[in-house]
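I opened this structure to look up a few local features and to record them in order. The entries below follow the sequence of my queries.

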Amino acid sequence: DCLSEFKDWEPLKQSSKWLVYPKNIGKRLSIDEVALSQGELYTVVTNKKAKGRAGSIVAIVAGTKSEEVIKYLKKIPEGKRRQVE
């Protein structure tokens, strides 16, 4: 029996390749690669204004290929993307 309900978390059911949080976008963003266990690489985009606190994650994308990251970032409405300086 699983102690955590993480496996039942709705965004996880949607996609294991990407998560996007348009409401967290801001003027200044950071982009970084994160390596998890077994060589899994993810690209993480965060809002610098949130300083790592709640609401800082804009997107998490499996892999580091720019084409893939761009494809999922384009799921954020264009008006919100244009806020980024």
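I first asked whether Lys 17 is buried or exposed. Lys 17 has a relative accessibility of 51%, and because the cut-off for exposed is over 50%, I entered this residue as exposed. I note that the model is predicted.

I then looked up where Lys 17 lies, and found Lys 17 in the loop between α1 (10-14) and β1 (18-20). I next listed the contacts of Lys 17, leaving out residues up to four places away in sequence: Ile 60, Val 61, Ala 62 and Tyr 72. For Ala 62 I also recorded the separation from Lys 17, which is 45 residues in sequence and 4.9 Å in space, C-alpha to C-alpha.

My next entry concerns the largest nonpolar core. Which residues make up this core? I found 6 in all: Val 20, Ile 25, Val 45, Val 58, Ala 59 and Ile 76. In general, nonpolar side chains in soluble globular proteins tend to be buried together.

From that core I selected Val 45. Beyond four places in sequence, Val 45 touches Leu 29, Ser 30, Ile 31, Ser 56, Ile 57, Val 58, Ala 59 and Leu 73.

I turned to strand β2 (residues 29-35) and asked how many of its 7 residues are buried. The count is 0, and I recorded β2 as hardly covered. β2 runs antiparallel to β3 (residues 41-47), and 7 bridges join the two strands. Within this pairing, I noted Val 34 opposite Tyr 42 of β3.

Last, I examined the connection between β2 and β3: the two strands form a hairpin with 5 residues between them. In the turn, Gln 38 has a positive phi of about 60°.

Conventions
Residues are numbered from 1 along each chain as its sequence is written. This is a predicted model: local features need pLDDT of at least 70, side-chain atom pairs count only at pLDDT 80 or more; totals for chains, interfaces and linings use all residues. Side-chain values use heavy atoms; hydrogens and water are left out. A nonpolar core is a set of buried Ala, Val, Leu, Ile, Met, Phe, Trp, Tyr and Cys residues joined through side-chain atoms within 4.5 Å. Buried means under 20% relative accessible area, exposed over 50%, partly exposed in between (1.4 Å probe, protein chains only). Contact means heavy atoms within 4.5 Å. Helices (H or I, at least four residues) and strands (E, at least two) are DSSP runs, numbered from the N terminus. Two strands pair if DSSP finds at least two bridges between them.
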